[in-house]
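Here is a short tour of one protein model, written for someone who likes to check the atoms. Have a look at the sequence and structure first, and then we can walk through some details together.

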Amino acid sequence: QLQLVESGGGLVQAGGSLRLSCAASGIAFRINDMAWYRQAPGKQRELVATIGSGGNTNYADCVKGRFTISRDNFKMTVYLQMNSLKPDDTAVYYCNADVWDITRTAMEYWGKGTLVTVSS
């Protein structure tokens with residue numbers, strides 16, 4: 001069983017920056033891909049960025065060049081550095097992890113989300 005807890009959300013003006021963190025706790029055989037998703041009011045949840053256990057990354061086109069995902073495997077934490085924020089980035093941001101549990105069964109976990117509000 002793994003728990004994911006996001007932090008770092010808040011209110012920021014357009015053009016500003018925020019750094020989100022997602023700390024995993026619990027027991028797992030291996031944490032594979034980790035990702036950030038977001039869901040804006042009235043919209044479907046969308047993928048923002050992913051990072052593999054080896055550090056390979058992928059980004060949604062709308063955040064490329066502005067957001068950077070990183071992870072600290074020792075701390076079991078994934079980060080999302082968000083720069084040049086726009087009002088369209090306003091959303092609840094969710095952390096996601098693909099995990100092999102102690103029986104090496106693939107599991108997927110979600111955090112409860114952290115709200116990011118970008119004012120114009």
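## A buried pair and its network

Let us begin with two charged residues in this predicted model: Arg66 and Asp89 are both buried. Their side chains meet in a salt bridge, with 2.8 Å from N to O. Arg66 sits in the loop between strands E6 and E7, while Asp89 belongs to the loop between E8 and E9, so this pair ties together parts that are 23 residues apart in sequence.

Asp89 also has a salt bridge to Arg38, where the closest N and O atoms are 2.9 Å apart. Because Arg38 is in strand E4 and Asp89 in the E8–E9 loop, this second pair links parts 51 residues apart in sequence. Arg38 in turn forms a salt bridge with Glu46 at 2.6 Å. Arg38 counts as buried at 5% relative accessibility, whereas Glu46, at 33%, is partly exposed. Through shared partners, Arg38, Glu46, Arg66 and Asp89 form one network. The whole structure has four salt bridges.

## Around Ala91

Ala91 lies in strand E9, residues 91–100, and is buried with a relative accessible area of 2%. Beyond its close sequence neighbours, its contacts include Arg38, Gln39 and Thr114.

## Strand pairing

Strand E3 (residues 18–26) pairs with E1 (residues 2–7) in the antiparallel sense over six bridges, and Val5 stands opposite Ala23 there. E3 is also joined to E8 (residues 77–82) by six bridges, again antiparallel; here Leu18 stands opposite Met82.

How values were computed:
Residues are numbered from 1 along each chain as its sequence is written. This is a predicted model: local features need pLDDT of at least 70, side-chain atom pairs count only at pLDDT 80 or more; totals for chains, interfaces and linings use all residues. Side-chain values use heavy atoms; hydrogens and water are left out. Two strands pair if DSSP finds at least two bridges between them. Helices (H or I, at least four residues) and strands (E, at least two) are DSSP runs, numbered from the N terminus. Buried means under 20% relative accessible area, exposed over 50%, partly exposed in between (1.4 Å probe, protein chains only). Contact means heavy atoms within 4.5 Å. Lists of a residue's contacts leave out its neighbours within four places in sequence.
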